[in-house]
Amino acid sequence: MSRLMHLHLGFSPKYHPNLQRSGCNKTLESPPVEGRRKSVKCSQSRFCLTSKIIKSEDTSNKSCKLMFNRPVTLQVCYASKSEDANQRTTSQEVFFKNLDALYRFIRPYGLMGTVIAITSVSLLPLQNLDDLTPTYFMGFLKAMVPGLLMTVYEFAINQLYDVKIDKINKPDLPLTSGDVSMRTGIAIASSSLLVSLAMGIMLRSPPLLLALIIWFLLASAYSVDLPFLRWKRNSYLTTLYMVLERALVLQFAYFIHIQKYVLGRQIAITRTLMFAVAIKCCFCFVISLLKDIPDEDGDREFGIQTPSVILGKESVLWLCVYVLLISYGAVIIVGLTSSPYLLSKLVMIISHIMLATLLWHQARTVDLSSKASTLSFYMFIWKLHFVQYLVLPFVRL
């Protein structure tokens, strides 16, 4: 047990044979005696004298050196090891709470989507396994980092401008719950943007840098509440934003970057790339419509005319389901008729039959009156989106 001692006016041990302790403090007092300034220095304690110096009786503690005499008040505070442990535990809890808030603020499922998307499209330019060299992997990783940082900016700027709506639709988000302050959110958004663009310049790849700039402009136009912006208020502009960013800009830019600036080949737009762009356009269209179903109440209150508000939840849900089923059917037909490779045929046919079956079953179980159910289905579509990225590298046309 550690002790902190503070000496004030009025201490002499012989005046206090019975010392009373209360809580973590104990106080000893003695009548003052006039005298010259001296101090008591003890090898076991630290003393602080804070009042006018007056004479006291000699101390009986032989381990203490008499430096000046005065009556003092001795106050001793005890800090137990359990209290120190509690303080450390509290600090750890605060740290992990802030870390969890940051984790939820950057939306890790979205970052995982970016990782899968960039990985998928970066594998499309490969012609054989000999292309998997250290040079390829280094170029791939360097291109991945600015894409992830731009994704963080995209999610951060969206949450910063959606605080009022999210207080109704998503009160558990870090900004609306107060776990992350607005100042911290702005700092995360601005630093992610600047570092992403700086890395794009350092890599000296025009298609990659152009993609990052367009990505920034589209993400800002989608979320920022300024004249002619805030595209998320309009369902058609929302669909345009998703298609341009995820289906076109990201796919073409990273494909060309890997093909020319990593593998060192001439730019050639392949049929496989065009197939990937087409299937991604379908998914972006579906996601842009489905994302508003769980948020219909807040959108209706703030006058945002989403398809869910205009057409109703059920109509939008089944429109999206049919679009995906048609696209899966098209993939199966292309696999049967156009792919020259047996492995590619099998992957395209079997995987998309399974995905279509899962989609139909999941759509029939959605409870449109439950926000949790509609949100779960929306996240299920994101999972199908990720699986589609995993299948695309096996597609060879």
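The exercises below, each with a worked solution, examine the overall make-up, the helices, the core and the empty spaces of a predicted model.

Residues are numbered from 1 along each chain as its sequence is written. In this predicted model, local features need pLDDT of at least 70 and side-chain atom pairs count only at pLDDT 80 or more, while totals for chains, interfaces and linings use all residues; side-chain values use heavy atoms, with hydrogens and water left out.

**Exercise 1. State what secondary structure the protein chain has, and what percentage of its residues are buried.**

Step 1. Helices (H or I, at least four residues) and strands (E, at least two) are DSSP runs, numbered from the N terminus. The protein chain has 14 helices and six strands.

Step 2. Burial is judged by relative accessible area: buried means under 20%, exposed over 50%, and partly exposed in between (1.4 Å probe, protein chains only). Of the 397 residues in the protein chain, 46% are buried.

Step 3. A contact means heavy atoms within 4.5 Å. Among contacts between residues at least 6 apart in sequence, 71% join residues at least 24 apart.

**Exercise 2. Compare the span of helix 12 with its expected span, and place Ala 330 in this helix.**

Step 1. The expected span of a helix is 1.5 Å times one less than its number of residues. Helix 12 has 25 residues and should therefore span 36 Å; its end C-alpha atoms are 37 Å apart, which agrees.

Step 2. Ala 330 belongs to helix 12, which covers residues 313–337. Ala 330 counts as partly exposed because its relative accessibility is 40%.

Step 3. The buried residues of helix 12 include Ser 327, Tyr 328, Val 331 and Ile 332. An α-helix has 3.6 residues a turn, so residues three or four places apart point the same way.

Step 4. Ala 330 and Ile 279 are 51 residues apart along the chain, yet their C-alpha atoms are separated by 9.4 Å.

**Exercise 3. Determine which helix gives the largest share of the largest nonpolar core, and describe this helix.**

Step 1. A nonpolar core is a set of buried Ala, Val, Leu, Ile, Met, Phe, Trp, Tyr and Cys residues joined through side-chain atoms within 4.5 Å. The largest one has 76 residues, and those with the most contacts inside it are Leu 290, Leu 359, Phe 377, Ile 381 and Leu 384. Helix 9 gives the largest share of this core, 11 residues.

Step 2. Helix 9 is largely enclosed by the rest of the structure, because 14 of its 20 residues are buried. These 20 residues should span 28 Å, and the end C-alpha atoms are 29 Å apart, which agrees.

Step 3. Beyond its neighbours within four places in sequence, Leu 384 is in contact with Phe 283, Tyr 328, Leu 355 and Leu 359.

Step 4. Gln 388 lies in helix 14 and counts as buried because its relative accessibility is 0%. Leaving aside neighbours within four places in sequence, its contacts are Ile 279, Lys 280, Phe 283, Tyr 328, His 352 and Leu 355.

**Exercise 4. Describe the largest pocket and the second largest pocket by volume and lining.**

Step 1. On a 1 Å grid over the protein atoms alone, a cavity is a set of points where a 1.4 Å probe fits but cannot get out, and a pocket is an open set with protein on both sides within 12 Å along at least five of seven lines; lining residues have an atom within 4 Å of a point. Grid points are joined across faces, edges and corners, and a volume is the space filled by probe spheres set on the points.

Step 2. The largest pocket holds about 930 Å³ of space. Its lining has 39 residues, and Arg 107, Tyr 109, Asn 158, Lys 170 and Tyr 378 are the closest to its centre.

Step 3. For residue classes, Ala, Val, Leu, Ile, Met, Phe, Trp, Tyr, Cys and Pro count as nonpolar, Asp, Glu, Lys and Arg as charged, and the others, Gly among them, as polar. The lining of the largest pocket has 17 nonpolar, seven polar and 15 charged residues.

Step 4. The second largest pocket has a volume of about 460 Å³. Among its 22 lining residues, Leu 124, Pro 125, Leu 126, Gln 127 and Arg 396 lie nearest its centre. Helix 8 and helix 9 (271–290) are the elements that give two or more residues to this lining, which divides into 13 nonpolar, six polar and three charged residues.

**Exercise 5. Identify what lines the largest cavity.**

Step 1. The structure holds two cavities of 30 Å³ or more, and the largest has a volume of about 40 Å³.

Step 2. Its lining consists of Leu 290, Ile 293, Pro 294, Leu 317, Val 366, Leu 368, Thr 374, Phe 377 and Tyr 378. Helix 14 supplies the largest share, three residues.
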